[in-house]
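Trainee: Hi! Could you walk me through this model before I start working with it?
Mentor: Happy to, let's open it up.

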Amino acid sequence: MSSSSFLPIEADFATLLKEKFKSATESGSLKFTQSTEADEVEDEVFTFQVRIAPSLGQKSSLQQQQQPSVLSPKFDPFENPEPALFLTEIGTNHSLVLNKFSIVPYHFLAITKKFESQSSPLSEHDLTVTWSLLQAKLKGQANSRLLAFYNCGSLSGASQDHKHIQFIPVSKDIQLIPDFVLEDFEAPRSRDALGIAPISHPGLPFAHFILPVPKNPTIDDLILRFSALFSRTLTVLREHDQSNKSYNFAMTSKWMFMAPRSKEEFEGVSVNSTGLVGLLLAKSQYQAELIKTVTPLHILGSVGLPVLDKTEQQHDY
Ligand code: AMP
């Protein structure tokens, strides 16, 4: 399959995103709460962004209010997306919607039109949509790029069971962990013939796998790389007897990142895919101080899984 099979993102997508965000916020359908400016926290050779978003504490109760009744099965907000939040359809299987509880402007989600489980790996369709969106130019945000992320499984930070891949603009000035690993770290380059042996940084105290994405990839290039990360991730989960197959996945137009999870939170600090790549969110000043004192690497080590030694790695799925 060639790169022409990716979906064209309309030139006015950025305008649509901007206008819908404005109208949904003004009508109250979208609850936008600004987070604080990020504090940069240095930990070993890594830099983390720590923000406080008090609204996160209220989010779960707001989400619970969406449930029609306590007796009804869990409400699926993506079964019939709210018109005020609906952006467009993309491809045959997905729709794009704005995040109802945003702390980052223009945070949007690609949701499957029909229910699919948030515990299933990304499919060819999901990766096609994700890559296509990563090419979108954000209007008035020339200094930003899109970060895509997928919180998979109940320990990954996911709150909805209906499959959704999320997108947020991130300043190009912020070096996320995979940027750092690929740009500043002389990783022993892969020796496998396909060049898709995932890279891990020895300074990160949790199992994680990173692969660069080639320029102008085909969908097969993306599937191959996703599968390589997934295979390593499953091996770590298996070797640690982790029956709950939760992991975080993040992607830009330059790389893919994946890390298995053992816990959803550390002493009340929830961590999702954005946290694993260096963007940590605190619900309060107390939590922000806790993150700095305990250190980001300690927290990520605690919610992730230990790195396997070489012999255990030999039997990848
Ligand atoms: P996660 O918590 O990672 O599973 O992501 C689910 C996202 O969906 C969160 O960012 C929520 O704020 C968002 N969300 C919850 N309800 C809705 C809704 N009705 N419409 C759009 N987004 C929603």
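Mentor: We'll go from the overall make-up to a few local details, keeping in mind that this is a predicted model.

Trainee: Great. How many helices and strands does the protein have?
Mentor: There are nine helices and 15 strands.

Trainee: And how much of the protein counts as buried?
Mentor: The chain has 317 residues, and 49% of them count as buried. The surface it exposes comes to about 14,900 Å², with 53% of that supplied by carbon and sulfur atoms.

Trainee: What share of the contacts is between residues 24 or more positions apart?
Mentor: Taking contacts with a separation of 6 or more, 70% are between residues 24 or more positions apart.

Trainee: Let's talk charges. How many salt bridges does the structure hold?
Mentor: Eight. One of them pairs Asp39 with Lys292, whose closest N and O atoms are 2.6 Å apart. Asp39 sits in strand β2 and Lys292 in helix α7, so this pair ties together parts that are 253 residues apart in sequence.

Trainee: Are those two buried or exposed?
Mentor: In between. Asp39 has 37% relative accessibility, so it counts as partly exposed. Lys292 is partly exposed too, because its relative accessible area is 30%.

Trainee: Which residues are joined into one network by salt bridges that share partners?
Mentor: Let me build that up pair by pair. Asp126 forms a salt bridge with Lys163, and their closest N and O atoms are 2.5 Å apart. Asp126 belongs to helix α3 while Lys163 is in the loop between β8 and β9, so the bridge ties together parts 37 residues apart in sequence. Lys163 also forms a salt bridge with Glu116, with 3.7 Å between the closest N and O atoms. Glu116 is in the loop between β7 and α3, so that pair ties together parts that are 47 residues apart in sequence.

Trainee: How accessible are Lys163, Asp126 and Glu116?
Mentor: Lys163 is at 2% relative accessibility, so it counts as buried. Asp126 is buried as well, because its relative accessible area is 1%. Glu116, at 28% relative accessibility, counts as partly exposed.

Trainee: So what's the network, put together?
Mentor: Bridges with shared partners join Glu116, Asp126 and Lys163.

Trainee: Switching to the surface: which residues form the positive patch?
Mentor: Lys137, Lys172, Lys215 and Lys254 form it. Take Lys172 from that group: its place is in the loop between β9 and α4. Its relative accessibility is 49%, and anything over 50% would be exposed, so Lys172 counts as partly exposed.

Trainee: Now backbone angles. What is the phi of Asp241?
Mentor: Near 50°, which is a positive value in a residue other than glycine. Most residues other than glycine have a negative phi. Asp241 is in the loop between α5 and β11, and at 71% relative accessibility it counts as exposed.

Trainee: What about the phi of Thr295?
Mentor: That one is positive too, near 85°. Thr295 is found in the loop between α7 (285-294) and α8 (296-303). With 26% relative accessibility, Thr295 counts as partly exposed.

Trainee: Since you mention α8, how many of its residues are buried?
Mentor: Six of its eight, so I'd call α8 mostly covered, using under 20% relative accessible area as buried. The buried ones are Pro296, Leu297, Ile299, Leu300, Ser302 and Val303.

Trainee: What covers them?
Mentor: The cover includes strands β2, β3, β13 and β15, along with helices α6 and α7. Two of these came up earlier, as β2 holds Asp39 and α7 holds Lys292.

Trainee: Last one. Where is Ala84, and what does it touch?
Mentor: Ala84 is in the loop between α2 (55-65) and β4 (86-90). Leaving out residues up to four places away in sequence, Ala84 touches Lys20, Ala24 and Ser29. From Ala84 to Thr25 the C-alpha distance is 9.3 Å, although they are 59 residues apart in sequence.

Trainee: And is Ala84 buried or exposed?
Mentor: Neither: at 27% relative accessibility, Ala84 counts as partly exposed.

Terms used. Residues are numbered from 1 along each chain as its sequence is written. This is a predicted model: local features need pLDDT of at least 70, side-chain atom pairs count only at pLDDT 80 or more; totals for chains, interfaces and linings use all residues. Side-chain values use heavy atoms; hydrogens and water are left out. Patches are made of residues with over 30% relative accessible area and no salt bridge: like charges are joined within 9 Å, nonpolar side chains (Val, Leu, Ile, Met, Phe, Trp, Tyr) within 5 Å. Accessible areas come from the Shrake-Rupley method with a 1.4 Å probe; for residues, only the protein chains shown count as cover. A salt bridge is a side-chain nitrogen of Lys or Arg within 4 Å of a carboxyl oxygen of Asp or Glu. Lys and Arg count as positive and Asp and Glu as negative; His and the chain ends are not counted. The place of a charge is taken as NZ of Lys, CZ of Arg, CG of Asp or CD of Glu. Helices (H or I, at least four residues) and strands (E, at least two) are DSSP runs, numbered from the N terminus. Buried means under 20% relative accessible area, exposed over 50%, partly exposed in between (1.4 Å probe, protein chains only). Contact means heavy atoms within 4.5 Å.
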